[in-house]
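Thanks, everyone. I'll take the charged contacts before turning to the interior space.

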Amino acid sequence: MPKNYVSNKDETIRLFENDFLEALSRIHWSVPLWVFLPIISFLLFRGFYIYYLSISGSLLLVLAGIIVWTFTEYILHRFVFHYIPRSEWGKRIHFLIHGIHHDYPKDSKRLVMPPSISLPLASLFFILFHSLMGNAFVLPFFAGFLIGYLFYDITHYAIHHFNIHNRFWLAIKNHHSKHHYQNPGLGYGVSQPTWDYVFGTTFPEINSIVNEPVE
(Lines give C-alpha, C1' and ligand atoms only; values in the text may rest on other atoms or scores of the structure.)
Protein backbone atom coordinates (compact mmCIF):
# COMPACT_ATOMS: atom_id res chain seq x y z
CA MET A 1 0.00 0.00 0.00
CA PRO A 2 1.47 3.42 -0.95
CA LYS A 3 2.30 5.87 1.80
CA ASN A 4 -0.24 8.70 1.44
CA TYR A 5 1.27 10.97 4.08
CA VAL A 6 4.52 12.63 5.12
CA SER A 7 4.27 12.05 8.88
CA ASN A 8 1.71 10.27 11.03
CA LYS A 9 3.01 11.90 14.21
CA ASP A 10 1.33 14.80 16.01
CA GLU A 11 3.61 17.47 14.61
CA THR A 12 2.98 20.92 13.14
CA ILE A 13 5.01 22.45 10.35
CA ARG A 14 5.23 26.17 9.69
CA LEU A 15 3.02 27.42 6.85
CA PHE A 16 3.57 31.19 6.88
CA GLU A 17 6.57 33.44 7.37
CA ASN A 18 4.26 36.00 8.98
CA ASP A 19 3.81 35.16 12.68
CA PHE A 20 0.24 36.49 12.80
CA LEU A 21 -0.91 34.37 9.85
CA GLU A 22 0.90 31.39 11.30
CA ALA A 23 -0.91 31.83 14.62
CA LEU A 24 -4.27 32.04 12.83
CA SER A 25 -3.59 28.71 11.11
CA ARG A 26 -3.30 26.79 14.40
CA ILE A 27 -6.26 26.13 16.65
CA HIS A 28 -7.24 24.03 19.66
CA TRP A 29 -10.02 21.55 18.87
CA SER A 30 -12.43 23.14 21.37
CA VAL A 31 -12.38 26.64 19.81
CA PRO A 32 -15.26 25.97 17.33
CA LEU A 33 -17.46 25.06 20.30
CA TRP A 34 -16.75 28.37 22.03
CA VAL A 35 -17.34 30.29 18.80
CA PHE A 36 -20.44 28.61 17.39
CA LEU A 37 -22.44 27.41 20.40
CA PRO A 38 -23.32 31.02 21.36
CA ILE A 39 -24.30 31.71 17.74
CA ILE A 40 -26.51 28.61 17.65
CA SER A 41 -28.15 29.63 20.94
CA PHE A 42 -28.77 33.15 19.63
CA LEU A 43 -30.37 31.84 16.42
CA LEU A 44 -32.72 29.55 18.33
CA PHE A 45 -33.55 32.25 20.90
CA ARG A 46 -34.36 34.74 18.15
CA GLY A 47 -36.57 32.23 16.37
CA PHE A 48 -38.57 31.44 19.52
CA TYR A 49 -38.87 34.88 21.12
CA ILE A 50 -38.81 37.28 18.16
CA TYR A 51 -40.60 35.28 15.47
CA TYR A 52 -42.58 32.96 17.80
CA LEU A 53 -41.69 29.81 15.88
CA SER A 54 -43.17 26.62 17.30
CA ILE A 55 -40.95 24.04 18.97
CA SER A 56 -42.02 21.27 16.58
CA GLY A 57 -41.52 23.42 13.50
CA SER A 58 -38.16 24.61 14.76
CA LEU A 59 -37.02 21.05 15.44
CA LEU A 60 -37.91 20.05 11.89
CA LEU A 61 -35.97 23.00 10.51
CA VAL A 62 -32.99 22.16 12.76
CA LEU A 63 -33.06 18.58 11.45
CA ALA A 64 -33.27 19.86 7.88
CA GLY A 65 -30.25 22.07 8.53
CA ILE A 66 -28.25 19.13 9.87
CA ILE A 67 -29.12 17.02 6.82
CA VAL A 68 -28.18 19.84 4.45
CA TRP A 69 -24.88 20.18 6.30
CA THR A 70 -24.03 16.49 5.76
CA PHE A 71 -24.55 16.98 2.02
CA THR A 72 -22.50 20.21 2.10
CA GLU A 73 -19.73 18.41 3.98
CA TYR A 74 -19.57 15.74 1.29
CA ILE A 75 -19.63 18.20 -1.62
CA LEU A 76 -16.98 20.48 -0.12
CA HIS A 77 -14.68 17.60 0.76
CA ARG A 78 -15.03 15.87 -2.59
CA PHE A 79 -15.11 18.75 -5.06
CA VAL A 80 -13.35 21.62 -3.24
CA PHE A 81 -10.88 20.12 -0.79
CA HIS A 82 -9.81 17.41 -3.24
CA TYR A 83 -9.74 19.56 -6.35
CA ILE A 84 -6.12 19.75 -7.54
CA PRO A 85 -5.41 22.95 -9.51
CA ARG A 86 -2.79 23.02 -12.24
CA SER A 87 -1.14 26.34 -11.38
CA GLU A 88 1.55 26.56 -8.72
CA TRP A 89 -0.46 29.26 -6.93
CA GLY A 90 -3.55 27.02 -6.96
CA LYS A 91 -1.56 24.06 -5.68
CA ARG A 92 -0.31 26.22 -2.80
CA ILE A 93 -3.87 27.21 -1.89
CA HIS A 94 -4.96 23.56 -2.04
CA PHE A 95 -2.10 22.56 0.25
CA LEU A 96 -3.04 25.24 2.77
CA ILE A 97 -6.72 24.26 2.71
CA HIS A 98 -6.50 20.48 2.78
CA GLY A 99 -3.27 19.05 1.39
CA ILE A 100 -1.42 19.65 4.64
CA HIS A 101 -3.98 17.55 6.50
CA HIS A 102 -3.29 14.56 4.27
CA ASP A 103 0.47 15.05 4.62
CA TYR A 104 0.21 15.42 8.42
CA PRO A 105 -3.08 13.74 9.40
CA LYS A 106 -2.27 13.66 13.12
CA ASP A 107 -1.45 17.36 13.44
CA SER A 108 -3.74 18.26 16.34
CA LYS A 109 -3.39 22.01 15.73
CA ARG A 110 -4.81 21.84 12.21
CA LEU A 111 -7.64 19.32 12.49
CA VAL A 112 -10.52 21.74 13.01
CA MET A 113 -11.20 24.81 10.89
CA PRO A 114 -9.92 28.11 12.34
CA PRO A 115 -12.56 30.83 12.88
CA SER A 116 -10.68 33.07 10.44
CA ILE A 117 -12.02 30.73 7.74
CA SER A 118 -15.13 29.17 9.28
CA LEU A 119 -16.81 32.46 10.26
CA PRO A 120 -16.61 34.07 6.78
CA LEU A 121 -17.80 30.80 5.22
CA ALA A 122 -20.67 30.57 7.70
CA SER A 123 -21.65 34.16 6.85
CA LEU A 124 -21.78 33.35 3.14
CA PHE A 125 -23.93 30.27 3.77
CA PHE A 126 -26.24 32.30 6.02
CA ILE A 127 -26.71 34.93 3.29
CA LEU A 128 -27.52 32.16 0.80
CA PHE A 129 -30.03 30.41 3.05
CA HIS A 130 -31.56 33.72 4.17
CA SER A 131 -32.22 34.66 0.55
CA LEU A 132 -34.03 31.34 0.08
CA MET A 133 -35.91 31.06 3.39
CA GLY A 134 -36.46 34.56 4.75
CA ASN A 135 -35.95 36.09 8.19
CA ALA A 136 -37.73 33.57 10.43
CA PHE A 137 -37.30 30.05 9.05
CA VAL A 138 -33.60 30.54 8.36
CA LEU A 139 -32.87 30.88 12.09
CA PRO A 140 -33.51 27.30 13.30
CA PHE A 141 -32.44 25.91 9.93
CA PHE A 142 -29.06 27.61 10.13
CA ALA A 143 -28.73 26.62 13.78
CA GLY A 144 -29.07 23.00 12.61
CA PHE A 145 -26.57 23.63 9.82
CA LEU A 146 -24.05 24.90 12.38
CA ILE A 147 -24.79 21.96 14.71
CA GLY A 148 -23.94 19.67 11.81
CA TYR A 149 -20.74 21.60 11.22
CA LEU A 150 -19.71 21.34 14.87
CA PHE A 151 -20.46 17.62 14.86
CA TYR A 152 -18.25 17.26 11.79
CA ASP A 153 -15.37 19.28 13.23
CA ILE A 154 -15.32 17.55 16.62
CA THR A 155 -15.86 14.12 15.06
CA HIS A 156 -12.93 14.76 12.75
CA TYR A 157 -10.68 15.56 15.69
CA ALA A 158 -11.98 12.60 17.70
CA ILE A 159 -11.38 9.99 15.02
CA HIS A 160 -7.78 11.15 14.66
CA HIS A 161 -6.97 11.55 18.36
CA PHE A 162 -9.50 9.97 20.73
CA ASN A 163 -9.14 6.40 21.95
CA ILE A 164 -12.41 5.06 20.51
CA HIS A 165 -14.00 1.76 21.60
CA ASN A 166 -17.66 2.22 20.66
CA ARG A 167 -18.63 0.07 17.66
CA PHE A 168 -20.49 2.86 15.86
CA TRP A 169 -17.67 5.37 16.23
CA LEU A 170 -15.09 2.77 15.27
CA ALA A 171 -16.96 2.33 11.98
CA ILE A 172 -16.85 6.10 11.39
CA LYS A 173 -13.14 6.16 12.25
CA ASN A 174 -12.39 3.22 9.99
CA HIS A 175 -14.21 4.89 7.08
CA HIS A 176 -12.09 8.03 7.44
CA SER A 177 -8.90 6.06 8.03
CA LYS A 178 -9.40 4.37 4.68
CA HIS A 179 -9.68 7.80 3.09
CA HIS A 180 -6.28 8.76 4.53
CA TYR A 181 -4.30 5.54 4.42
CA GLN A 182 -5.93 3.49 1.66
CA ASN A 183 -7.54 5.65 -1.03
CA PRO A 184 -8.04 9.44 -0.76
CA GLY A 185 -10.23 9.24 -3.86
CA LEU A 186 -13.01 7.56 -1.87
CA GLY A 187 -14.73 8.09 1.48
CA TYR A 188 -15.47 11.83 1.48
CA GLY A 189 -17.97 11.68 4.32
CA VAL A 190 -16.18 12.44 7.59
CA SER A 191 -18.91 12.68 10.23
CA GLN A 192 -20.92 9.92 8.50
CA PRO A 193 -20.62 7.90 5.26
CA THR A 194 -24.23 8.28 4.02
CA TRP A 195 -23.52 10.31 0.89
CA ASP A 196 -20.61 8.04 -0.05
CA TYR A 197 -23.13 5.22 -0.35
CA VAL A 198 -25.55 7.43 -2.28
CA PHE A 199 -22.93 8.57 -4.82
CA GLY A 200 -20.90 5.37 -4.97
CA THR A 201 -17.71 6.69 -3.37
CA THR A 202 -17.58 4.32 -0.42
CA PHE A 203 -15.06 1.52 -0.05
CA PRO A 204 -15.46 -2.15 -0.99
CA GLU A 205 -16.59 -4.32 1.89
CA ILE A 206 -13.51 -6.54 1.61
CA ASN A 207 -10.52 -5.64 3.79
CA SER A 208 -12.90 -3.54 5.86
CA ILE A 209 -10.53 -2.78 8.75
CA VAL A 210 -7.64 -0.37 8.27
CA ASN A 211 -5.08 -0.01 11.02
CA GLU A 212 -3.42 3.39 11.15
CA PRO A 213 0.35 3.29 10.62
CA VAL A 214 2.39 3.70 13.78
CA GLU A 215 5.54 5.80 13.75
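Let me start with D107, which is buried at a relative accessible area of 2%. This is a predicted model, so please keep that in mind throughout. The side chain of D107 meets that of R110 in a salt bridge, 3.7 Å from N to O. R110 also counts as buried, with 11% relative accessibility. Salt bridges that share partners join these two with E22 and R26 in one network.

How many salt bridges does a search of the whole structure find? The search finds five.

Another pairs R14 with D19, and their closest N and O atoms are 2.5 Å apart. Here R14 is partly exposed, its relative accessible area being 46%, and D19 counts as exposed at 57%.

Then there is K91 with E88, a salt bridge at 3.9 Å, N to O. These two are three residues apart in helix α4, residues 88–103, so about one helical turn separates them. K91 counts as partly exposed at 39% relative accessibility, while E88 counts as exposed at 63%.

Now the interior. The count comes to one cavity of 30 Å³ or more, and about 180 Å³ of space lies in it. Of the 16 residues lining this cavity, W69, L76, M113, L121 and Y149 are the closest to its centre. Which elements give two or more residues to the lining? They are α3 (55–81), α5 (115–133) and α6 (138–161). The largest share, five residues, comes from α3. By type, the lining divides into 13 nonpolar residues, two polar and one charged.

Definitions and conventions:
Residues numbered from 1 in each chain as written. Predicted model: local features only at pLDDT ≥ 70, side-chain atom pairs only at ≥ 80, totals over all residues. Heavy atoms only, no water. 1 Å grid on protein atoms, 1.4 Å probe; cavity = no way out; pocket = protein on both sides within 12 Å on 5 of 7 lines; lining within 4 Å. Points joined across faces, edges and corners; volume = space filled by probe spheres on them. Helix = DSSP H or I, 4+ residues; strand = E, 2+ residues; numbered from the N terminus. Nonpolar A, V, L, I, M, F, W, Y, C, P; charged D, E, K, R; others polar. Salt bridge = Lys/Arg side-chain N within 4 Å of Asp/Glu carboxyl O. Buried < 20%, exposed > 50% of the residue type's maximum accessible area, 1.4 Å probe, protein only.
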